Amino acid sequence: MNTFPKDFIWGTATSAYQIEGAASKDGKGPSIWDAFVTIPGKIKNAESGNVACDHYHRFKEDVQLMKKMGVNAYRFSISWSRIMPTGKDEINEKGIEFYSNLIDTLLVAGIEPWVTLYHWDLPLTLQLEEDGWLGKTISDRFADYANLCFERFGGRVTKWITLNEPWVAAMLGHGQGVFAPGRTSNTEPYLAAHHMILAHAKAVKLYREKYGFQNGKIGIANNCDWREPLTKSKQDQEAAVRALEFFLGWFADPVYKGDYPKSMRERLGKRLPKFTEQEHQLIKGSSDFFGLNHYTTMYASHDDGVTSEGNVYGNGGISEDQDVSLSLDPNWEYTTMNWAVVPWGCQKMLEWIAERYGNPDIYITENGCSYSDEVINGAVNDYKRVAFFKGYLTACKKAIDNGVKLRGYFAWSFMDNFEWASGYEKRFGMHYVNFKTLERIPKSSAEWYAETIANNGVLDN
Ligand code: PNW
């Protein structure tokens with residue numbers, strides 16, 4: 001058996017727009033996702049998160065299911081426009097009440113809330129009036145919103161994540177236009193990202209100065225997939241590092257080192273905004289832990305002729321900026337997202353982070369897989385998902401044995417949900433959701449996870 005450190009945090013995760021529903025209930029204002037889903041062709045089967053899992057009305061039942069799994073922690077996100085309908089000024093007390101009740105219910109169940117402040121659902125008003133993440137005002141708006149959350153939920157909540165996957169919001173939202181706000185550009189991703197990093201840092205400064213007495217921890221959750229050099233050639237090895245720098249270093253270097261990677265500065269020139277001296281100081285050290293969302297692995301090789309055409313989803317950046325070509329091994333296993341199942345990539349990813357960023361405390365804030373699960377005689381036997389989690393957790397354990405300070409792991413996801421542009425077709429959950437009746441059915445992975453948590457480790461058989 002692979003036994004984990006005794007204070008290891010076993011968790012599960014979701015996000016507001018993907019599960020809550022109640023999109024315009026009790027005074028919630030619209031977000032960019034509420035608008036984006038109405039654009040023809042953007043979402044598989046023209047679906048939306050209007051109802052989603054109806055978690056807004058069923059959260060008590062959901063917390064009971066979490067309790068059955070025995071998780072120590074639950075990571076969820078707050079919908080900014082549910083508590084501030086236009087993203088600024090006015091507060092919606094009904095929205096505050098919802099999160100307050102959720103937090104209390106979790107605490108009674110012995111589950112620690114880990115709260116993400118931003119999981120992509122920007123208040124629509126801020127997009128229309130102030131250009132969203134491209135505008136100058138957004139980082140202060142975000143800090144004001146964060147302040148409201150710290151004020152109302154702080155103390156009961158002591159684990160905070162400012163932004164979820166700024167890479168996705170920048171690249172898929174402002175580069176390729178496949179996620180809200182649906183912009184396509186080869187400059188805007190770098191500007192949006194710049195403002196996200198500043199927003200993160202301002203919220204962290206405020207939290208530390210004003211709410212330090214709450215003794216909490218605050219960080220950011222970045223996503224990165226592993227990039228393995230395709231060959232042993234020096235060119236391919238450098239290409240793989242460059243790919244990781246454009247993916248994770250873009251966000252983690254400023255937070256841990258104070259500035260963007262040199263490779264980005266060299267290749268992007270004026271397209272990459274600059275931080276002022278004061279901003280360097282503000283950003284450097286602005287995370288108490290390293291949050292990592294990790295899903296898959298690709299090979300990287302040097303290629304100065306690549307374009308991003310035909311390479312839209314999950315390509316790791318604007319390819320032509322990196323001179324990197326990505327490829328896959330057809331012998332790997334694939335999930336229904338076509339993401340390869342490569343546990344050793346997870347171990348290498350963790351070890352690369354430990355090495356580059358001074359061995360920080362790391363939490364895997366998301367890891368999981370989508371498969372086309374089916375209910376047979378009332379049960380869902382998702383043995384492929386069980387194998388996925390076994391493989392990845394075993395890889396995590398190897399990284400820990402090699403000195404990586406991995407402190408916890410959040411399985412994505414607690415239940416099937418609205419998988420963004422893929423709609424409801426892609427199922428990532430440990431609980432099956434029947435989207436017609438909204439019934440939840442624990443899959444075999446939920447039972448396996450409960451057993452793993454109870455044993456504090458992955459059983460061999
Ligand atoms: C993450 N990519 O999204 C999100 O944090 C979750 O909300 C989402 O449900 C989950 O992973 C599964 O997709 C990603 O293209 C979306 O590389 C796209 C990519 C990565 C993560």
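How many cavities of 30 Å³ or more does the structure hold? This predicted model holds three. The legends below describe views of the barrel, its helices and the empty spaces.

**View A. A closed barrel of eight strands in the predicted model.** The strands follow the order 2-3-4-5-6-8-13-14 and pair in the parallel sense. On average, neighbouring strands of this sheet are turned by 25° against each other, direction ignored.

**View B. Pairing of strand 2 with strand 3.** Residues 9–13 form strand 2 and residues 73–77 form strand 3; three bridges join the two in parallel. One of the residues involved is Thr12, whose bridge partner in strand 3 is Tyr74.

**View C. Helix 10 and helix 15 against the strands.** Helix 10, residues 234–257, lies across strand 6 (217–223) and strand 8 (290–293). The direction of helix 10 is at about 160° to strand 6. Helix 15, residues 383–401, packs on the sheet and touches strand 2, strand 13 (362–367) and strand 14 (406–412). With the direction of strand 14, helix 15 makes an angle of about 165°.

**View D. The second largest pocket.** This pocket has a volume of about 220 Å³. Its lining comprises 13 residues, and Ser372, Asp373, Asn381, Asp382 and Tyr383 lie nearest the centre. Five residues of the lining are nonpolar, three are polar and five are charged.

**View E. The largest cavity.** The largest cavity contains about 60 Å³ of space. Among the residues that line this cavity are Ala16, Tyr17, Glu20, Lys28, Ser79, Arg82 and Asp121. The lining divides into three nonpolar, four polar and four charged residues.

Methods. Residues numbered from 1 in each chain as written. Predicted model: local features only at pLDDT ≥ 70, side-chain atom pairs only at ≥ 80, totals over all residues. Heavy atoms only, no water. Pairing = 2+ DSSP bridges. Helix = DSSP H or I, 4+ residues; strand = E, 2+ residues; numbered from the N terminus. Axes fitted to C-alpha atoms, helices over the stretch in contact; angles between N-to-C directions. Contact = heavy atoms within 4.5 Å. 1 Å grid on protein atoms, 1.4 Å probe; cavity = no way out; pocket = protein on both sides within 12 Å on 5 of 7 lines; lining within 4 Å. Points joined across faces, edges and corners; volume = space filled by probe spheres on them. Nonpolar A, V, L, I, M, F, W, Y, C, P; charged D, E, K, R; others polar.
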